[in-house]
Amino acid sequence: MTSYGSSSAASSGSRTNGLAIASLCCGIIGLFFLNIVLGPLAIVFGAVARRQAAVKSGDGMAKAGIVLGVVAIVLWLVLLAVAASSGGFSWYVGG
């Protein structure tokens, strides 16, 4: 019998891997902000989470985080190439 406020699913021990969740979050946020930082983090967290997939669940989230991390890095490279071909970055100082 379970006590008030706890469920049998939470006490069974089948928890999602925290690194898989971190990989997915870094991949999603990396598409919009800080691509060059969060993209590699998503890939690394996803790779470590996939190695731990036998112990904890979350293999699908880890794969998705790796894919989104790669997409974030490719997006950053495309934006860098577009900026370089259009004359680079220039700062306007009013005057």
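This report covers a surface patch, three residues and one helix of a predicted model.

Local features need pLDDT of at least 70, side-chain atom pairs count only at pLDDT 80 or more, and totals for chains, interfaces and linings use all residues. Residues are numbered from 1 along each chain as its sequence is written, and side-chain values use heavy atoms, with hydrogens and water left out.

**Nonpolar patch**

A nonpolar patch lies on the surface, with about 790 Å² of accessible area together. Its members are Ile 28, Ile 29, Phe 32, Phe 33, Leu 34, Ile 36, Val 37 and Leu 41. Two elements give two or more residues to the patch: α2 (18-30) and α3 (35-51). Helix α3 gives the most, with three residues.

Some terms apply here. Patches are made of residues with over 30% relative accessible area and no salt bridge; like charges are joined within 9 Å, nonpolar side chains (Val, Leu, Ile, Met, Phe, Trp, Tyr) within 5 Å. A salt bridge is a side-chain nitrogen of Lys or Arg within 4 Å of a carboxyl oxygen of Asp or Glu. Accessible areas come from the Shrake-Rupley method with a 1.4 Å probe; for residues, only the protein chains shown count as cover. Helices (H or I, at least four residues) and strands (E, at least two) are DSSP runs, numbered from the N terminus.

**Three residues**

Buried means under 20% relative accessible area, exposed over 50%, and partly exposed in between (1.4 Å probe, protein chains only).

| Residue | Helix | Relative accessible area | Class |
|---|---|---|---|
| Ile 28 | α2 | 42% | partly exposed |
| Ile 43 | α3 | 26% | partly exposed |
| Asn 35 | α3 | 11% | buried |

Contact means heavy atoms within 4.5 Å. Leaving aside neighbours within four places in sequence, Ile 43 is in contact with Ile 66, Gly 69, Val 70 and Ile 73. The C-alpha atoms of Ile 43 and Val 67 are separated by 7.7 Å, and the two residues are 24 residues apart along the chain. With the same exclusion of neighbours within four places, Asn 35 is in contact with Gly 30, Pro 40, Ala 72, Leu 75 and Trp 76.

**Helix α4**

Helix α4 (residues 59-85) has 27 residues. The expected span of a helix is 1.5 Å times one less than its number of residues. For α4 that span is 39 Å, and its end C-alpha atoms are 39 Å apart, so the two agree. Ala 62, Gly 65, Gly 69, Ala 72 and Ala 83 are buried in α4. The cover over the buried residues of α4 includes α2 and α3. Just after α4, Gly 87 takes a positive phi of about 100°.
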